[in-house]
Amino acid sequence: MAATGADVSVVFVPPRFTKGAVIEAVDAGVPLVVVITEGVPVADTAEFFQYAQNAGTTRVIGPNCPGLISPGKSNAGIIPGDITKAGRIGLVSKSGTLTYQMMYELRDLGFSSAVGIGGDPIIGTTHIDALRAFQDDPETDAIVMIGEIGGDAEERAAAFIKDNVTKPVVGYVAGFTAPEGKTMGHAGAIVSGSSGTAQAKQEALEAVGVRVGKTPSETARIMREIVEKL
């Protein structure tokens, strides 16, 4: 860091080397580590995330994520820089592909920042972390939150929104037709019984005033309606 002035590390190394790469960045005092690598063992993620937490100097985004972008300012990861423009919408998404689609669908309005947090069972930065950042960001007027089946991250985000977010939030939950017990793309995207279903997540979000689209395009249309009234 002293030699280069670097303040971000983007990790692309194979899964078996990812833990070592993150720990090396934490030891160097790098304040932001973006882990693109897919297939990182959950035990390794738990270990390097706890290591970063204990150090108290490094935020981890990912693993298995596309990174983050502030159009016209910075791009740390693999999000295409030419699919949108700078604007005043914040985007947080578990899915890389849906990150790109939402940015493209709302390209005429633009984004303050877009963050792909990844869909693994353990991730370094959550929906709540991003929601808090967008709520505090004076350059963000509205927020799109994209989730997916599995776990309870979206339900916990809904509770956070109720008590802490005053800006309008629009949501989308991928996986309404997912069969029970089958992993859908991401390791964390699995429904078990009535837990983690898209319907349950939609209901939790709508209960706190978040409008939820049935498709990415409908979600973009809802956000467009909201922004036009701001």
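Start by selecting residues 3-39. Over this stretch the chain is 35% helix and 22% strand, and the C-alpha atoms at its two ends sit 32 Å apart. UniProt, in an unreviewed entry, gives these residues the feature "domain: CoA-binding". Keep in mind as you look around that this is a predicted model.

**The three-stranded sheet**

Next, colour β1, β2 and β3. They form an open sheet in the order β1-β2-β3, and the pairing is parallel. β1 (8-11) and β3 (59-61) are the edge strands; each has a single partner strand, so one side of each is left without a neighbour in the sheet. If you look across the strands, the twist from one to the next averages 15°.

Now zoom in on β2, residues 32-35, and its pairing with β3: three bridges join them in the parallel sense. Which residue in β3 is the bridge partner of Val33? Select Val60 and you have it.

**The β4-β5 hairpin**

Move along to β4 and to β5, which covers residues 74-77. These two strands run antiparallel and are joined by four bridges. Show Leu68 and Ala76 as sticks: Ala76, in β5, stands opposite Leu68. The hairpin has three residues between its strands, and Gly72 takes a positive phi near 85° there. Leave Leu68 displayed, as the next stop returns to that residue.

**The largest pocket**

For the last stop, bring up the largest pocket, with a volume of about 260 Å³. It is lined by 13 residues, and those closest to its centre are Leu68, Ser113, Val115, Ala133 and Phe134. So that you can see where the walls come from, colour by element: β3, β4 (67-70), β7 (111-116) and α4 (127-136) each give two or more residues to the lining.

Which element gives the most to this lining? Select α4, with its four residues.

Switch to colouring by residue class and the lining shows seven nonpolar, three polar and three charged residues. Finally, colour by domain, with domain 1 as 8-61 and domain 2 as 67-228: the pocket lining draws at least three residues from each of them. To finish, keep β3 and β4 on screen together: β3 is an edge strand of the open sheet, β4 pairs with β5, and both β3 and β4 are among the elements that give two or more residues to the pocket lining.

Key
Residues numbered from 1 in each chain as written. Predicted model: local features only at pLDDT ≥ 70, side-chain atom pairs only at ≥ 80, totals over all residues. Heavy atoms only, no water. Pairing = 2+ DSSP bridges. Axes fitted to C-alpha atoms, helices over the stretch in contact; angles between N-to-C directions. UniProt positions renumbered as here; feature names shortened; annotations may be inferred. 1 Å grid on protein atoms, 1.4 Å probe; cavity = no way out; pocket = protein on both sides within 12 Å on 5 of 7 lines; lining within 4 Å. Points joined across faces, edges and corners; volume = space filled by probe spheres on them. Nonpolar A, V, L, I, M, F, W, Y, C, P; charged D, E, K, R; others polar. Domains from an automatic or database assignment.
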